[in-house]
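The following note is addressed to a colleague who is meeting this structure for the first time. Its points are numbered so that each may be read beside the sequence and the model.

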Amino acid sequence: GTEFKGGVEEEEEEEDMADLSVFQTPSLPVTCVSLTGTLYKNRFASGSRGKCIRTEERWFTPEEFVKQEQTLTDGNWKKDILCHGKTLKFILK
């Protein structure tokens, strides 16, 4: 039991250091409240107008993806789309 707990604590510490290698992949898992999708970086090159987020149904631009979430009245894709717990604004820096 204790070994496993120790492993979990170590993992959390590593996350705090923000291992940016998880963001180096060609596609990133993204979420927006209850929505999930995959952001493809090569399609994102065209900015927020490019349909770069794929859900099970179809492709969305970041703006369209945020608008699918009914609970967000004033969605801002840079703040409201998360990847590995970080905002797209943080990742795009």
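**Notes on the structure**

1. A charge over a ring. K86 lies over the face of F90, and the distance to the ring centre is 5.0 Å. The model in which this arrangement appears is a predicted one.

2. Overall architecture. The protein contains 5 helices and 6 strands. In sequence order, these elements follow the pattern α-β-β-α-β-β-α-α-β-β-α. The reader may wish to keep this order in mind for the points below.

3. Burial, surface and contacts. Of the 93 residues in the protein, 25% are buried. The accessible surface amounts to about 6,800 Å², and carbon and sulfur atoms contribute 50% of that surface. Among contacts with a separation of 6 or more, 33% are between residues 24 or more positions apart.

4. Cysteines. A disulfide is a covalent bond that joins the sulfur atoms of two cysteines. How many disulfides does the count come to? The count is 0. Two cysteines may nevertheless be noted for their burial. C32 has a relative accessible area of 0% and is therefore buried, given that buried means under 20%. C52 likewise counts as buried because its relative accessibility is 0%.

5. The salt bridge. The structure holds 1 salt bridge. Its partners are K51 and E64, whose closest N and O atoms are 3.0 Å apart. This pair links distant parts of the chain, 13 residues apart: K51 is in the loop between α2 (41-44) and β3 (53-54), while E64 belongs to helix α3 (residues 62-67). Are these two residues buried, partly exposed or exposed? K51 counts as partly exposed because its relative accessibility is 34%. E64 is also partly exposed, with a relative accessibility of 27%.

6. The surroundings of W59. W59 is part of strand β4 (residues 59-60). Its relative accessibility is 25%, so W59 counts as partly exposed. Which residues does W59 contact, leaving aside neighbours within four places in sequence? The contacts are Y40, R43, K51, C52, I53, R54 and E64. Both partners of the salt bridge, K51 and E64, are thus found in the list of contacts of W59. R43 deserves separate mention: the charged end of R43 sits over the ring of W59, 3.7 Å from the ring centre. W59 and T38, 21 residues apart in sequence, have C-alpha atoms 9.4 Å apart in space.

7. Aromatic pairs. A pair of aromatic rings is described by the distance of the centres and the angle of the planes. The structure holds 3 aromatic pairs. One of them is formed by F44 and W77, an edge-to-face pair with 5.8 Å from centre to centre and 70° between the planes. Because F44 lies in helix α2 and W77 in helix α4, the pair ties together parts that are 33 residues apart in sequence. Both F44 and W77 are buried.

8. K78 in helix α4. K78 lies in helix α4, which covers residues 77-80. The relative accessibility of K78 is 36%, so K78 counts as partly exposed. Not counting residues up to four places away in sequence, K78 touches T87, L88 and K89. K78 and V66 are 12 residues apart in sequence, and their C-alpha atoms are 9.5 Å apart in space.

9. Positive phi values. Where are residues other than glycine with a positive phi to be found? One of them is V33, with phi near 50°. V33 is located in the loop between β1 (27-32) and β2 (35-40). V33 is exposed because its relative accessible area is 58%. H84 also has a positive phi, near 50°, and is not a glycine. H84 is located in the loop between β5 (82-83) and β6 (86-87). With a relative accessible area of 45%, H84 is partly exposed.

10. Points to revisit. On a second reading, attention may be given to R43 and K86, whose charges sit over the rings of W59 and F90. The reader may then return to the salt bridge between K51 and E64 and to the edge-to-face pair of F44 and W77.

Terms used: Residues are numbered from 1 along each chain as its sequence is written. This is a predicted model: local features need pLDDT of at least 70, side-chain atom pairs count only at pLDDT 80 or more; totals for chains, interfaces and linings use all residues. Side-chain values use heavy atoms; hydrogens and water are left out. Helices (H or I, at least four residues) and strands (E, at least two) are DSSP runs, numbered from the N terminus. Buried means under 20% relative accessible area, exposed over 50%, partly exposed in between (1.4 Å probe, protein chains only). Contact means heavy atoms within 4.5 Å. Accessible areas come from the Shrake-Rupley method with a 1.4 Å probe; for residues, only the protein chains shown count as cover. A disulfide is a pair of cysteine sulfur atoms within 2.5 Å. A salt bridge is a side-chain nitrogen of Lys or Arg within 4 Å of a carboxyl oxygen of Asp or Glu. Rings of Phe, Tyr and Trp (its six-membered ring) pair if their centres lie within 6.5 Å; planes under 30 degrees apart count as stacked, over 60 as edge-to-face and the rest as tilted. A charge sits over a ring if NZ of Lys or CZ of Arg is within 6 Å of the ring centre and within 35 degrees of the ring normal.
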